[in-house]
Amino acid sequence: MSTSATIMMVLICGFVWGGFLGFLMRAIRREGGKQQVEK
Amino acid sequence: LSTNEQFQTRWGLVLATLGMAVGTGNIWRFPRIVATNGGGSFLIAWVVFLLIWSVPLMIAEFAFGKRARKGTVGAFVRIAGEKKGWMGGWVALCATAIMFYYSVVAGWCIRYFVAAILGELRGAGPEEFWESYAGTTQAFWTHAVALTLAIVVVWFGVRGIERVAKVLIPSLVILVVILAIRAVTLPGAAAGLEFLFKPDLHALGDFRVWLAALTQNAWDTGAGWGLILTYAIYMKAREDIPLNAVLIGFGNNSMSLLAGIMVLCTVFAINPGARDQIVGAGNEGLTFIWMPQLFAQMPGGRFFMIFFFLALTFAALTSLISMVELAARNLMDAGLSRKRAVGIVAAAGLVFGTPSALSVTFLNNQDWVWGVGLMLSGLFFALGARSFGVERLRREVVNAEGADLQVGRWWSFLMAVVIPVEALVLMIWWLWGASVDKPAGEWLDPFSAGSVGTVLAQWAIALVALVALNRWMGRKTSKGEAGS
């Protein structure tokens, strides 16, 4: 693979998948926090 | 809202909405569009429009549903005012018209999944198999099967939708991840990644690449279709909107990327010489004719072919379920019981889906007419939010108690200015593109498939009828209470 394609792959996949996983982790933490409060 | 008609957990809502968003368009359309529009450059534009089209509209849809607790017609009446109920009617009409032929597509996926298990695709050859199946009474029966499966789920209400989503969506993710891993580990797959991600900076100066990226986002996230609005009716009062919207938007596009990697690595590893022919074969050609041929040449291909069509079936069914629920919800708002509303949607889906089952040309024409119509739906959401007051909607609903993220004024600007401009530019471009492709005189012919004339004629009939029925629809939908 060329360098430009590799950089683009890292940037796009990093942003999209990283964004998804980041928001997912945040939602998991918020739900965990809410359950703690309810207990 | 009764607790029976409510998502029990945040994950139930997120998975059901993700199931709505991830459909066949992610798997069969995205890889083809990215391959024909500059690869890495297209992906830059695609990410930009995720942020300035899909996510803002998803937030708006959640806000409409959560605030109004009504289907599309009732929500527009409550949010935008009594005179704008017809806009909600348009959103419902578009999504329901798509449902009629989408159940045919879901039926195709089911038939190919069964054919992959039985080994039928190897014996006859995928092209012969497709020719002997599509547009025949067999396709009608598979359409009926797909519709029945969706109807059964919606019959059991939100609990049914939540339970099915909790099983099908994680399974779909696992299947696509397995297929993507298999594809990237094939010898020669790196050429597929190179093709997918190599940036062509000149392409970024081509407005068609940007418009294709906007279209793809509008299609594969389901933003502006009214389906998120429908599921948002059943969110808990203190449920978050902004974090759920970005989670679903990024989750949907993550699945598209996986599908792009899976399809293009498979194409380049197995048959690189035919790549232009494969990506230019259209949605059905790529999925139902070329992919089985590629899997047949792959070690363990039959096994992966079964996985591929099972993933497509799951993606199609979870989207179809949301479309059935949207249509049924509007009928329930008019005072019908869930069972009666679902029964009417089932009968209408079976009857009005039949022409698409029996003719692929008819299906593609409907796809063209209502696909462009979705841009108008997105525009109506922006106009509806403006009528309510975008800043008021942001403060009172989007950033209300329970929000895990606070949305800034950027969202109001996008909703009030950017999205209406995007929707208008996109519609004009699509219609202009269709006019230059057709011979003079034919592009305005309402009976010519894929023409501007057929779009305008069907839209005009629908819009005149909806505006005429506006007061009646408003009265009807304000009768029944949500959750009844």
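Analyst: Let's start with a word we'll need a lot: two residues are in contact when heavy atoms of theirs lie within 4.5 Å. This is a predicted model, where local features need pLDDT of at least 70, side-chain atom pairs count only at pLDDT 80 or more, and totals for chains, interfaces and linings use all residues. Residues are numbered from 1 along each chain as its sequence is written, chains are lettered from A and ligands numbered from 1 in the order in which they are written, and side-chain values use heavy atoms, with hydrogens and water left out.

User: Okay, which residues is Phe197(B) in contact with, leaving aside its neighbours within four places in sequence?

Analyst: On chain A, Phe197(B) meets Ala5(A), Met8(A), Met9(A), Ile12(A) and Cys13(A). On chain B, its partners beyond four places in sequence are Gly40(B), Leu43(B), Leu257(B) and Ile261(B).

User: What makes Cys13(A) count as buried?

Analyst: Buried means under 20% relative accessible area, exposed means over 50%, and partly exposed is in between (1.4 Å probe, protein chains only). Cys13(A) has 8% relative accessibility, so it counts as buried. Over in chain B, Cys94(B) is at 0%, so that cysteine counts as buried too.

User: How do you know that Cys13(A) is in no disulfide?

Analyst: A search of the whole structure finds zero disulfides over all chains. For Cys13(A), the nearest cysteine sulfur belongs to Cys265(B) and is 10 Å away. A disulfide needs a pair of cysteine sulfur atoms within 2.5 Å, so that pair doesn't qualify.

User: What does chain A look like?

Analyst: Chain A has one helix and zero strands; those are DSSP runs numbered from the N terminus, with helices (H or I) of at least four residues and strands (E) of at least two. Its C-alpha trace spans about 55 × 10 × 5 Å along its principal axes. Of the 39 residues in chain A, 21% are buried.

User: How many residues does each chain bring to the contact?

Analyst: Chain B brings 28 residues and chain A brings 21 residues. Together the two chains bury about 2300 Å², with 78% of it on carbon and sulfur atoms. That buried area is the accessible area (1.4 Å probe) that two parts lose on being put together, summed over both. In chain B, Trp11(B), Phe197(B) and Phe250(B) lose the most area to chain A, together 24% of what that side buries.

User: What makes up the largest nonpolar core?

Analyst: A nonpolar core is a set of buried Ala, Val, Leu, Ile, Met, Phe, Trp, Tyr and Cys residues joined through side-chain atoms within 4.5 Å. The largest one has 205 residues, and Phe42(B), Trp108(B), Phe197(B) and Phe309(B) have the most contacts inside it. Helix α5 (residues 85–118) of chain B gives the most to this core, with 23 residues.

User: Why is Glu391(B) called buried?

Analyst: Glu391(B) has 18% relative accessibility, so it falls below the cut-off for buried. You'll find Glu391(B) in helix α19 (residues 390–398) of chain B. Beyond four places in sequence, Glu391(B) touches Arg409(B) and Ser412(B).

User: What makes the link between the side chains of Glu391(B) and Ser412(B) a polar contact?

Analyst: A polar contact is a pair of N or O atoms within 3.5 Å; within protein, one must be able to donate a hydrogen and the other to accept it, and residues adjacent in sequence count only if both atoms are side-chain atoms. The one joining Glu391(B) and Ser412(B) is 2.5 Å, so it fits the distance limit.

User: Why does Thr230(B) count as buried?

Analyst: Thr230(B) has 1% relative accessibility, so it passes the buried test. Thr230(B) sits in helix α12 (residues 227–232) of chain B. Its contacts beyond four places in sequence are Glu325(B), Leu326(B) and Arg329(B).

User: And why is Leu317(B) buried?

Analyst: The relative accessibility of Leu317(B) is 10%, so it counts as buried. Leu317(B) belongs to helix α16 (residues 301–333) of chain B, and beyond four places in sequence it is in contact with Ala146(B) and Leu149(B).

User: What is the phi of Arg69(B)?

Analyst: Arg69(B) has a positive phi of about 55°, although it is not a glycine. Most residues other than glycine have a negative phi. Arg69(B) is in the loop between α3 (40–68) and α4 (72–80) of chain B, and with a relative accessible area of 17% it is buried.
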